[in-house]
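Me: Please take a close look at the salt bridges in this model. I would like to see which parts they join, and then what surrounds the ligand.

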Amino acid sequence: MQGTVTKSTGSWYQVLTDDGKVWMARTRGKLRLNDLDTSNPVAVGDRVEMQADANYPDTASISKVENRNNYLIRRSNKLSSRRQILATNLDGAALIASLFAPRTSLGFIDRFILTCEAYHVPAAVFFNKMDLLGDNAAGFLADIQHIYRNANVTVMMGSAKQPETLDPFASMLKGKRWLLAGHSGVGKSTLLNAVFPEANARVGKISNHHEKGKHTTTFAEMFTLSDGTQIIDTPGIRDFGVVDFEPQEISQYFPEMRPYLNTCKFNDCQHTHEPECAVLAAVKSGEIAEERYLSYLGILNNEDIFE
Ligand SMILES: Nc1nc2c(ncn2[C@@H]2O[C@H](COP(=O)(O)OP(=O)(O)OP(=O)(O)O)[C@@H](O)[C@H]2O)c(=O)[nH]1
Ligand SMILES: [Mg+2]
Ligand SMILES: [Zn+2]
């Protein structure tokens with residue numbers, strides 16, 4: 001039988017079959033896998049082939065993972081080359097960000113967007129907790145729209161505590177399968193509940209001491225709602241290590257740099273110091289946002305953000 005993986009704990013997977021039944025499944029024997037070197041061979045969103053266990057009710061063994069339409073992958077820490085698949089077969093991935101309690105850096109956002117661009121996953125950034133910004137919200141909105149205007153990403157903002165601000169975000173998700181990612185405490189689960197109360201995901205508090213989240217969500221989990229919408233809530237991540245790009249390749253995944261890449265003097269230009277570099281010229285003239293260019297340099301130099 002076939003089903004969709006809706007939760008992954010590392011050793012057990014929750015799998016939903018098309019008749020609506022929920023199974024606990026393990027991988028057994030030799031899995032026929034796409035040969036990615038990852039810490040998790042099966043991820044939320046995967047279509048799997050499995051066989052019911054004769055001896056235990058509602059349990060099954062996964063024998064095969066079907067080919068994926070797409071997936072999102074990251075390196076989980078600087079010291080290890082281990083890669084983690086966040087989720088697969090996505091209509092889109094939304095990074096939930098907040099300006100404080102906790103703060104999400106533009107560098108972190110740009111690594112996420114770059115990975116979405118490279119792995120063919122439509123990307124969005126939702127700035128949550130706008131209620132905390134008060135009168136500064138309008139100025140912030142203008143700055144962010146300017147930075148991301150040509151970056152091929154949907155930018156939205158609002159507050160999980162002000163449901164009237166969530167309509168555009170809700171319509172983007174409705175009827176689709178989206179992943180919600182971001183640091184712990186930015187409000188991923190709170191937002192999910194605000195938009196789709198029937199999800200009833202567990203939410204946590206912000207620790208007063210560090211203004212950080214408390215890692216309330218511990219496993220990636222897909223919530224299937226009565227209208228067919230599927231939202232994958234994920235545990236907070238500290239870092240977003242980008243994987244396996246050649247230095248030459250990175251600028252290709254900055255959509256606003258692409259128009260300039262063929263006009264640099266040197267074919268192998270890395271846009272750092274080279275003479276007659278069209279990208280550097282565009283940064284100087286303001287056509288490419290400086291913030292985005294700084295993110296580019298950080299990724300080029302392999303400076304992952306670990307905060
Ligand atoms: N002021 C304000 N607080 C919010 C908002 N959204 C969420 N919070 C609060 O932020 C805290 C963390 O929310 P969660 O939804 O648990 O955060 P999370 O991103 O799911 O965190 P993890 O599961 O740990 O990754 C809770 O105390 C929420 O009430 C918002 O828009 N405004
Ligand atoms: Mg959560
Ligand atoms: Zn150049």
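Reply: Start with two residues of opposite charge. Asp-46 and Arg-68 are both buried. This is a predicted model, and the distances here are computed from it.

Asp-46 and Arg-68 form a salt bridge, and their closest N and O atoms are 2.7 Å apart. Where do the two residues sit? Asp-46 lies in the loop between strand 3 (22-32) and strand 4 (47-52). Arg-68 lies in the loop between strand 5 (59-65) and strand 6 (71-75). The pair therefore ties together parts that are 22 residues apart in sequence.

Now take Asp-239 and Arg-74. Their side chains meet in a salt bridge, with 3.2 Å from N to O. Asp-239 is in the loop between strand 13 (230-233) and helix 5 (247-250), and Arg-74 is in strand 6, so this bridge links parts that are 165 residues apart in sequence. Both Asp-239 and Arg-74 are buried. That means each has under 20% relative accessible area.

Some salt bridges share partners. Asp-110, Glu-256 and Arg-292 are joined into one network in this way.

Next come Glu-221 and Lys-7. Their side chains also meet in a salt bridge, at 3.7 Å from N to O. Glu-221 belongs to strand 12 (residues 221-224) and Lys-7 to strand 1 (residues 2-8), so the pair ties together parts that are 214 residues apart in sequence. Are these two buried or partly exposed? Glu-221 has a relative accessible area of 22%, so it counts as partly exposed. Lys-7, at 23%, is partly exposed too. In total, the model has 11 salt bridges.

Now turn to the ligand. There are 24 residues around ligand 1. Those that come nearest are Lys-161, Ser-184, Thr-190, Gly-204 and Thr-217. By class, this shell holds 13 polar, 6 nonpolar and 5 charged residues.

Which atoms face the oxygen atoms of ligand 1? Here are three examples. Lys-129 places a polar side-chain atom 3.3 Å from an oxygen atom of ligand 1. His-215 has a polar backbone atom 3.2 Å from an oxygen atom of the ligand. Gly-236 has a backbone N or O atom 2.9 Å from a ligand oxygen atom. How much of ligand 1 does the protein cover? On its own, ligand 1 has 660 Å² of accessible area, and the protein covers 90% of it.

How values were computed:
Residues numbered from 1 in each chain as written. Chains lettered and ligands numbered in written order. Predicted model: local features only at pLDDT ≥ 70, side-chain atom pairs only at ≥ 80, totals over all residues. Heavy atoms only, no water. Near = heavy atom within 4 Å. Polar contact = N/O pair within 3.5 Å; in protein donor to acceptor, adjacent residues only side chain to side chain. Areas by Shrake-Rupley, 256 points an atom, 1.4 Å probe, with all protein chains shown as cover. Nonpolar A, V, L, I, M, F, W, Y, C, P; charged D, E, K, R; others polar. Salt bridge = Lys/Arg side-chain N within 4 Å of Asp/Glu carboxyl O. Helix = DSSP H or I, 4+ residues; strand = E, 2+ residues; numbered from the N terminus. Buried < 20%, exposed > 50% of the residue type's maximum accessible area, 1.4 Å probe, protein only.
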